[in-house]
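Please open the structure in your viewer and keep the selection tool at hand. The tour moves from one selection to the next and says what is found at each stop.

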Amino acid sequence: MSTLRYRTAVVDGHTLAYREAGDSARPALVLLHGFPTSSHMFRGLMAELADEYHLIAPDHLGFGASDAPDAATFRYGFEPLTQLTLGLLDRLGVDRFALYVQDYGAPIGFRIAARHPERVEAIVTQSGNAYTDGFTPFWEPLVAFAESRAAGEQTDDTAVRALLTADATQWQYTHGVPADRLDRVAPDTWALDQARLDRPGNDAIQLDLFADYLFNLDEYPRFHEYFRTHRPPVLAVWGRNDEIFGPDGARAFSRDLPDAQVHLLDAGHFALESHLEEMVALIRPFLRSALVES
């Protein structure tokens, strides 16, 4: 069994933490986490796949064990997070890789793929949208907040601040999980995420990212063109009960990628917590086929 390693690297003056496992001579899989978590969400998957792949899972700036500069001094947005991720991969000498994206990791990973298609060999997306189809009513207060901020209006952030509370964090992990699988979801997950959300100043970081998320949609046409032009192998494995990014977001990949593999599990937003075995059973053969063919 490969040892999981916890490392850091300095990119553009910021210390980024990342988890690493597997032999660096093997094909690389870069795992990009979502809100409100960190590379911790990939701990089980990394243990399962380290026998075949070189796994790298960064903590985005402001998350996990990475630096969290004050929002007054660093412009938090998905473009800066993309540049930092690319800088980390360059620093580590990872030139070609498959991507695993979830939630916030999707607009970062798809930017990388669309701009550097020669580097990305395959994509696994777990509740990682590239289409508006998957947006649910969950997003209505976030869209209103982002539009108000963009217009320079006085914004009422009460509704979006509710997403930073302990109840909301626990809900993200437990909603949509079948009753007979709830005991697989460790309370440590939301406790760890909440402890990091509660750090002084982190609320401002998260509000900036909430406000910026809407503008990822401006990149969607470029993502779709990338899909049609370069036809990357894509596996969309999703919780069908996800009320944040609904299952239509998974099905939509087939619009531009007829060969995309789409699987909906009886799970919620953090499907790795409740359905790790089922996901490994889909991911392992997908990567074996995609990386050999590439």
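Which residues lie nearest the centre of the largest pocket? Before selecting them, note that this is a predicted model, in which local features need pLDDT of at least 70 and side-chain atom pairs count only at pLDDT 80 or more, while totals for chains, interfaces and linings use all residues. Residues are numbered from 1 along each chain as its sequence is written, and side-chain values use heavy atoms, with hydrogens and water left out.

**Stop 1: the largest pocket**

Select Pro232, Pro233, Val234, Asp259 and Ala260, which lie nearest the pocket's centre among the 13 residues that line it. A pocket here is an open set of points on a 1 Å grid over the protein atoms alone, with protein on both sides within 12 Å along at least five of seven lines, and lining residues have an atom within 4 Å of a point. The space in this pocket is about 220 Å³, a volume being the space filled by probe spheres set on the points, which are joined across faces, edges and corners. Now add helix H13 (residues 276–293), which supplies the largest share of the lining, four residues; helices (H or I, at least four residues) and strands (E, at least two) are DSSP runs, numbered from the N terminus. By class, the lining holds eight nonpolar, two polar and three charged residues, where Ala, Val, Leu, Ile, Met, Phe, Trp, Tyr, Cys and Pro count as nonpolar, Asp, Glu, Lys and Arg as charged, and the others, Gly among them, as polar.

**Stop 2: the largest cavity**

Next select Phe35, Asp103, Tyr104, Phe138, Trp139, Leu142, Gln172, Phe210, Ile244 and Phe245, which line the largest cavity; a cavity is a set of points where a 1.4 Å probe fits but cannot get out. The volume of this cavity is about 70 Å³, and its lining consists of eight nonpolar residues, one polar and one charged.

**Stop 3: aromatic pairs**

Keep Phe245 and add Tyr213: together they form a tilted aromatic pair, 6.3 Å centre to centre with 40° between the planes. Rings of Phe, Tyr and Trp (its six-membered ring) pair if their centres lie within 6.5 Å, and planes under 30 degrees apart count as stacked, over 60 as edge-to-face and the rest as tilted. Tyr213 belongs to helix H8 (residues 202–213), whereas Phe245 sits in the loop between strand S7 (234–239) and helix H10 (248–251), 32 residues apart. Are these two rings buried or exposed? Tyr213 is buried, with a relative accessible area of 2%, and Phe245 is buried too, at 1%, where buried means under 20%, exposed over 50% and partly exposed in between (1.4 Å probe, protein chains only). Ring pairs also join both residues to a cluster that includes Phe63, Phe78, Phe135 and Trp171.

**Stop 4: the largest nonpolar core**

Finally, select Phe97, Leu99, Phe110, Phe210, Phe227 and Phe253, the residues with the most contacts inside the largest nonpolar core, which has 62 residues. Such a core is a set of buried Ala, Val, Leu, Ile, Met, Phe, Trp, Tyr and Cys residues joined through side-chain atoms within 4.5 Å. Focus on Phe110, which touches residues including Val101, Ile123, Phe223, Phe227 and Phe253, not counting residues up to four places away in sequence; contact means heavy atoms within 4.5 Å. Apart from the largest core lies another, of 36 residues, among them Ala57, Val124, Phe270 and Phe286.
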